[in-house]
Amino acid sequence: MAGHSKWANIQHRKGRQDAKRGKIFTKLIKEITVSARLSGGDIAMNPRLRAAVAAAKEENMPSDNITRAIKKGTGELEGVNYEEIRYEGYGINGASIIIDCLTDNRQRAVMDVRHALTKHGGNLGTDGSVAFMFKHCGQLVFEPGVSEDAVMEAALEAGAEDIITDEDGSIEVITAPNDFVTVKEALEAAGLKAVMAQVTMKPLNEVVFTGDDAVKMQKILDMLEDLDDVQDVYTSAVIEES
């Protein structure tokens with residue numbers, strides 16, 4: 001991990017996500033719909049829906065779109081019945097990958113995921129083959145220069161599980177998935193806005209990629225993220241920009 005900059009990697013990931021903003025509304029609407037279908041349309045009683053709606057508002061999604069997606073999930077409006085499927089696999093050099101899909105065609109989803117993995121040297125694994133190497137949690141990342149004391153005080157008071165200060169000065173706040181929105185709102189109320197905030201699968205160990213290997217690994221991740229059925233891609237790979 002010598003020379004590895006956590007903050008540079010976060011900026012790299014965020015930059016690539018921002019470049020794919022065209023798909024964000026589609027993904028958010030699917031997530032809102034499925035969350036409402038699984039646990040009801042009451043945001044106060046459904047932490048997953050609450051997080052999805054908060055993410056949609058962060059992206060300036062119109063309220064009508066959010067309401068319609070919730071109603072499709074609860075059955076008040078007709079909509080597509082999406083199935084949640086998780087695939088696990090490997091990139092190159094043993095990097096682990098989790099691919100979460102919301103799809104109306106299971107066969108298409110697995111074919112597309114397998115093709116994206118194998119085309120650039122990865123492979124599809126079995127259920128449970130890599131999931132144990134990740135922690136399901138809320139993650140908020142603050143840029144270097146933000147007051148560690150202020151973040152720590154507000155986060156711990158709101159119920160955060162852990163605060164990690166990285167060598168480059170960036171700060172990570174880790175929460176239980178159901179506490180994510182509460183902690184995020186408490187930090188924002190204290191004037192602390194995270195540059196990246198998400199409920200995620202956080203790798204317990206990371207594999208750093210540079211040079212040609214970084215290019216190959218990024219191709220696998222990009223191809224997976226571009227699939228219509230794919231909602232989220234989590235990986236232990238850290239891509240170093242050359």
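UniProt, in an unreviewed entry, lists residues 82-236 under "domain: TACO1/YebC-like second and third". In this predicted model, that stretch of chain is 32% helix and 34% strand, and its end C-alpha atoms lie 27 Å apart. Two open sheets are described below, one with the strand order E3-E1-E2-E9 and one with the order E5-E6-E4-E7, together with the helices that pack on them.

**Confidence of the model**

- The protein has an average pLDDT of 90, and 91% of the residues reach a score of at least 70.
- Among the elements of the protein, strand E2 (residues 96-103) has the highest mean pLDDT, at 97, whereas helix H1 (residues 6-18) has the lowest, at 66.
- Where pLDDT is low, the predicted coordinates should not be read in detail.

**The sheet E3-E1-E2-E9**

- This open sheet is built from four strands with antiparallel pairing, in the order E3-E1-E2-E9.
- Strand E3 (123-124) and strand E9 (230-235) stand at the edges and have a single partner strand each, so one side of each is left without a neighbour in the sheet.
- Helix H8 (residues 211-225) packs on the sheet, where it touches E2 and E9, and the direction of H8 makes about 155 degrees with that of E9.
- Strand E1 (residues 83-90) runs antiparallel to E2 and is joined to it by eight bridges; within this pairing, Tyr-90 stands opposite Ser-96 of E2, while Tyr-87 has Ile-99 of E2 as its bridge partner.
- E1 and E2 form a hairpin with five residues between them, and in the turn Asn-93 has a positive phi of about 55 degrees.
- The pairing of E1 with E3 is also described as antiparallel and extends over two bridges, with Leu-124 of E3 as the bridge partner of Gly-89.

**The helix pair H5 and H8**

- The axes of helix H5 (residues 106-119) and H8 come within 8 Å of each other and cross at roughly 165 degrees.
- H5 and H8 are therefore roughly antiparallel to each other, and H5 passes H8 in a right-handed crossing.
- On the H5 side the contact is made by Val-113, His-115, Ala-116, Leu-117 and Lys-119, and on the H8 side by Ile-220, Met-223 and Leu-224.
- H8 thus takes part in two descriptions here, since H8 touches E2 and E9 of the sheet and also makes contact with H5.

**The sheet E5-E6-E4-E7**

- Four strands form this open sheet, with antiparallel pairing and the order E5-E6-E4-E7.
- Its edge strands are strand E5 (162-165) and strand E7 (196-203), each of which pairs on one side only.
- From one strand to the next, the twist of this sheet averages 30 degrees.
- Strand E4 (residues 134-142) and E7 run antiparallel and are joined by eight bridges; in this pairing, Val-141 stands opposite Met-196 of E7.
- Helix H7 (residues 180-189) packs on the sheet and touches E4, strand E6 (171-175) and E7, with the direction of H7 making about 10 degrees with that of E4.

How values were computed
Residues are numbered from 1 along each chain as its sequence is written. This is a predicted model: local features need pLDDT of at least 70, side-chain atom pairs count only at pLDDT 80 or more; totals for chains, interfaces and linings use all residues. Side-chain values use heavy atoms; hydrogens and water are left out. pLDDT is the predictor's confidence in each residue, from 0 to 100. Two strands pair if DSSP finds at least two bridges between them. Contact means heavy atoms within 4.5 Å. Axes are lines fitted to C-alpha atoms, for helices over the stretch in contact, and angles run from 0 to 180 degrees between N-to-C directions. UniProt positions are given in the numbering used here, feature names are shortened, and annotations may be inferred rather than shown by experiment. Angles under 35 degrees count as roughly parallel, over 145 as roughly antiparallel, 65 to 115 as roughly perpendicular and the rest as oblique. A crossing is left-handed if the near helix is turned anticlockwise from the far one by less than a right angle, and right-handed if clockwise.
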